[in-house]
Amino acid sequence: MEVTALTLNCWGIAGVSKDRRTRIDAIGSHLQLGHYDFVFLQEVWVEDDFQAIVKKVGNIFPYSHYFHSGVIGGGICILSKAKIIDVLFHAWSLNGYIHKIQHGDWFGGKGVGLCTVVYHGLKINLYVSHLHAEYNPASDEYCAHRVVQAFETSQFIRYTRNKADFCILGGDLNTEPENLAYRLICDHTSLKDLYLSTGKPEIEGMTSETPANSYTASESLRACPNGKRIDFVMCSSRKGLQIETIDVNIPLPPRIPNYPFSYSDHEAVCAKLRILESQSVSANQKWSKDTSISSLKEALQVCDAALRNIANDRRNYWLAFGIFVVLLAALPFTYDGSRIVHYTLTVTHLLLTLVAVFCLIMATVWNRIERHGILAGRLAIVTRIQALEDS
């Protein structure tokens with residue numbers, strides 16, 4: 001049996017993403033061609049965009065599922081030629097910061113979604129995911145969040161794949177092959193990055209901030225002239241089946257026909273694979289305990305560093321709160337002289353009060369939420385390490 005899968009980050013943020021409606025329509029037109037069996041989409045933040053795609057491709061993909069989560073939706077969905085018989089979604093315990101409005105990950109309620117289908121007699125688990133973005137490689141404040149998300153994704157796949165003949169993960173993982181989050185997912189699920197099986201050079205598989213993309217900023221090209229490979233199609237199979245990679249490519253042209261811009265700020269990834277019967281253990285099923293333990297211990301170090309940073313942040317927020325309270329106490333609440341001075345004092349009091357309340361919330365409620373999220377991930381990692389070392 002041959003299967004063709006496509007993954008694409010659609011960059012569909014209402015009011016922010018340029019040319020969104022035209023691009024969503026063009027994506028739907030491309031999917032209408034019927035080249036794919038399964039499609040994994042990310043950053044479809046507007047539900048109407050999802051419905052527009054579904055309506056356009058309904059004759060090709062009669063089955064679809066959108067994973068609702070968070071304030072503006074999970075942003076991830078799956079289109080399938082095969083009937084979806086079961087669905088499940090896991091929202092991550094850590095997903096950015098509520099006050100980082102410019103990044104917006106927290107409002108998206110990201111996670112990992114699962115659709116189970118039966119296709120040509122085989123039970124297939126389809127996973128779609130979108131890990132937290134990096135934003136600043138030189139100072140990655142979300143590193144621990146992304147590492148915990150990757151570990152939770154690997155755990156989710158491990159616990160739900162048992163009865164599947166084979167699994168496909170498609171998504172924007174916001175991590176490159178040499179990064180820890182990527183290794184956590186591959187090392188703990190036996191998922192195989194299909195692009196690596198093609199033997200093609202890494203430069204041909206770049207999917208983000210590529211030179212050919214119309215939305216790539218010049219500063220991104222200066223930092224990384226060839227772009228990054230952060231969008232993946234990965235697979236694994238049960239014993240008795242073997243996955244053979246036929247091809248993995250970038251299927252969309254650099255520009256939408258008749259328009260001067262690209263389909264998205266990411267490139268799509270198309271993977272064509274063949275499922276064969278085999279009595280031997282295939283390469284994608286081989287697993288190294290030592291490699292798994294090594295990546296877990298590295299993740300443990302990231303969690304420990306994050307916990308130290310969280311403790312420092314808590315002290316800083318308490319200090320800032322105390323300073324603003326002192327300033328509020330020192331300022332007079334009324335002034336009988338100039339009206340301008342009176343209004344200035346009123347506005348100053350209001351701003352200082354708002355900032356003081358923000359610092360108080362960050363030092364207490366939010367700090368504990370983040371700390372508990374890191375601790376939960378850390379304890380799960382420790383448990384997994386101990387189990388592997390004892391096995």
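Which residue in β10 does Asp193 stand opposite? It is Met234 that faces Asp193 there.

Before going further, a word on ground rules. This is a predicted model, numbered from 1 along each chain as its sequence is written, with local features needing pLDDT of at least 70, side-chain atom pairs counting only at pLDDT 80 or more, and totals for chains, interfaces and linings using all residues. Side-chain values use heavy atoms, with hydrogens and water left out.

**The sheet around β9 and β10**

Helices (H or I, at least four residues) and strands (E, at least two) are DSSP runs, numbered from the N terminus. Two strands count as paired if DSSP finds at least two bridges between them. On that basis there is an open sheet of six strands, in the order β5-β6-β7-β8-β10-β9, and its pairing is mixed. At the edges sit β5 (84-91) and β9 (192-193), each pairing on one side only. As for β9, two bridges join it to β10 (residues 231-237), and the two strands run antiparallel.

Helix α5 (residues 180-189) lies across β8 (166-172), β9 and β10, and runs at about 10° to β10. Axes here are lines fitted to C-alpha atoms, for helices over the stretch in contact, and angles run from 0 to 180 degrees between N-to-C directions. Contact means heavy atoms within 4.5 Å.

**The other sheet**

A further open sheet of six strands goes β3-β4-β2-β1-β12-β11, again with mixed pairing. Its edge strands are β3 (63-66) and β11, each of them pairing on one side only. Ignoring direction, neighbouring strands in this sheet are turned by 20° against each other on average. Four bridges link β3 to β4 (residues 77-80) in the antiparallel sense, and one partnership you can look up is Tyr63 with Ser80 in β4.

Two helices go with this sheet. Helix α1 (residues 20-31) packs on it, touching β1 (2-12), β2 (38-44) and β4, and the direction of α1 makes about 175° with that of β1. Helix α2 (residues 47-57) lies across β2, β3 and β4, running at about 5° to β4.

**Two residues with positive phi**

Most residues other than glycine have a negative phi. Here are two that go the other way. For the burial column, buried means under 20% relative accessible area, exposed over 50%, and partly exposed in between (1.4 Å probe, protein chains only).

| Residue | Phi | Place | Relative accessible area |
|---|---|---|---|
| Asp19 | near 55° | loop between β1 and α1 | 33%, partly exposed |
| Glu43 | about 55° | strand β2 | 13%, buried |

**Helices α4 and α9**

Helix α4 (residues 143-160) has 18 residues and reaches 26 Å from its first C-alpha to its last. That is close to the 26 Å expected at 1.5 Å a residue, where the expected span is 1.5 Å times one less than the number of residues. Of those 18 residues, 15 are buried, so α4 is largely enclosed by the rest of the structure.

Then there is helix α9 (residues 339-390), which holds Ala376. Ala376 is partly exposed, at 45% relative accessibility. From Ala376 to Arg23 you count 353 residues in sequence, and the two are 39 Å apart in space, C-alpha to C-alpha.

**Cavities and the largest pocket**

Everything here is worked out on a 1 Å grid over the protein atoms alone: a cavity is a set of points where a 1.4 Å probe fits but cannot get out, a pocket is an open set with protein on both sides within 12 Å along at least five of seven lines, and lining residues have an atom within 4 Å of a point. Grid points are joined across faces, edges and corners, and a volume is the space filled by probe spheres set on the points.

The structure holds two cavities of 30 Å³ or more, and the largest has about 80 Å³ of space. Its lining includes Asp193, Tyr195, Arg229, Phe232 and Asn249. The elements giving two or more residues to that lining are β10 and β11 (241-249), with β10 giving the most, three residues.

The largest pocket has a volume of about 1200 Å³. It is lined by 38 residues, and Ala133, Tyr135, Glu209, Asp265 and His266 lie nearest its centre. At least two lining residues each come from β1, α3 (105-108) and α7 (218-223), and α7 has the largest share, with three residues.
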